[in-house]
Amino acid sequence: VNNYGFAVERRSDLENDTWGNIGFVSGHGNTNSPKEYSFIDYNFPAGNIFYRLRQIDFDGKFEYSNSIQIKVEPPDLFIVLQNYPNPFNPTTTIKYELPIAGFVIIKIFDFLGREVATLVNQQKPAGIHSVIFDGRELPSGVYVYNVRCGKSIQIYKMILIK
């Protein structure tokens, strides 16, 4: 009753990590029949992570659920998945998995080899990650993205259609 929705919050067991908002699920307002809700976290680190819900009323009042803990094992290999969707217009998602923490660089190049964007250039923890590429400012065409972590590099082709 009086359910505006749920803020989904997450934190890790790293020292000084705080709860962060990772998504929102709309509520069903005023109803007395049972409802089901779901949320998928596609971008999470390896290790112990905690989740909780902040149930928000229409008047802004809220209550926290109990937190749950999930242990996420790091992937076994450095993996980069083909962007999705592909072809795309104007955005696409690039997902990658790191077995250990490392410095990750993701760059986008046009088909002539000119760099058009750097999406990631920072240290990342072991785990599953994703980044969104927005091609709104680029012309239609074939682009290449490469994902580097340490000495490993993977290269994929993607198509922007406007």
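Student: Leaving aside neighbours within four places in sequence, which residues is Asn-146 in contact with?
Tutor: Good place to start, and keep in mind that this is a predicted model. Asn-146 lies in strand 12. With a relative accessible area of 8%, Asn-146 is buried, because buried means under 20%. Its contacts beyond four places in sequence are Ile-105, Ile-106, Lys-107, Phe-109, Ile-153, Gln-154 and Ile-155.

Student: Is Asn-3 buried or exposed?
Tutor: Asn-3 has its place in strand 1, residues 3–12. Among the residues that Asn-3 touches are Gly-27, His-28 and Phe-58. Its relative accessibility is 8%, and the cut-off for buried is under 20%, so Asn-3 counts as buried.

Student: Which side chain makes a polar contact with the side chain of Asn-3?
Tutor: Let's look at what Asn-3 touches: the list includes Tyr-37, Gln-55 and Ile-56. The polar contact, at 3.4 Å, is made with the side chain of Tyr-37.

Student: Which strand gives the most to the largest nonpolar core?
Tutor: This core has 20 residues, and Val-104, Ile-108 and Val-147 touch the most other members. Several strands each supply at least two residues, among them strand 8, strand 9 and strand 13. In general, nonpolar side chains tend to be buried together in soluble globular proteins. The strand that gives the most, with 4 residues, is strand 12.

Student: How many bridges join strand 9 to strand 10?
Tutor: Strand 9 covers residues 102–110 and strand 10 covers residues 115–124, and they run antiparallel. One pairing to find is Lys-107 with its bridge partner Thr-118 in strand 10. In the hairpin, 4 residues lie between the strands, and Gly-113 takes a positive phi near 90 degrees. The number of bridges joining the two strands is 8.

Student: Which residue forms a salt bridge with Lys-107?
Tutor: Side chains of opposite charge can pair when their charged atoms come close. Lys-107 is partly exposed at 25% relative accessible area, because that value falls between the buried cut-off of 20% and the exposed cut-off of 50%. The closest N and O atoms of the pair are 3.3 Å apart, and the partner is Glu-115.

Student: How many residues apart are Arg-54 and Glu-9?
Tutor: These two form a salt bridge, with the closest N and O atoms 3.1 Å apart. The pair links distant parts of the chain, with Arg-54 in strand 4 and Glu-9 in strand 1. Both residues are buried. Their separation along the chain is 45 residues.

Key. Residues are numbered from 1 along each chain as its sequence is written. This is a predicted model: local features need pLDDT of at least 70, side-chain atom pairs count only at pLDDT 80 or more; totals for chains, interfaces and linings use all residues. Side-chain values use heavy atoms; hydrogens and water are left out. Two strands pair if DSSP finds at least two bridges between them. A nonpolar core is a set of buried Ala, Val, Leu, Ile, Met, Phe, Trp, Tyr and Cys residues joined through side-chain atoms within 4.5 Å. Buried means under 20% relative accessible area, exposed over 50%, partly exposed in between (1.4 Å probe, protein chains only). A polar contact is a pair of N or O atoms within 3.5 Å; within protein, one must be able to donate a hydrogen and the other to accept it, and residues adjacent in sequence count only if both atoms are side-chain atoms. Contact means heavy atoms within 4.5 Å. A salt bridge is a side-chain nitrogen of Lys or Arg within 4 Å of a carboxyl oxygen of Asp or Glu.
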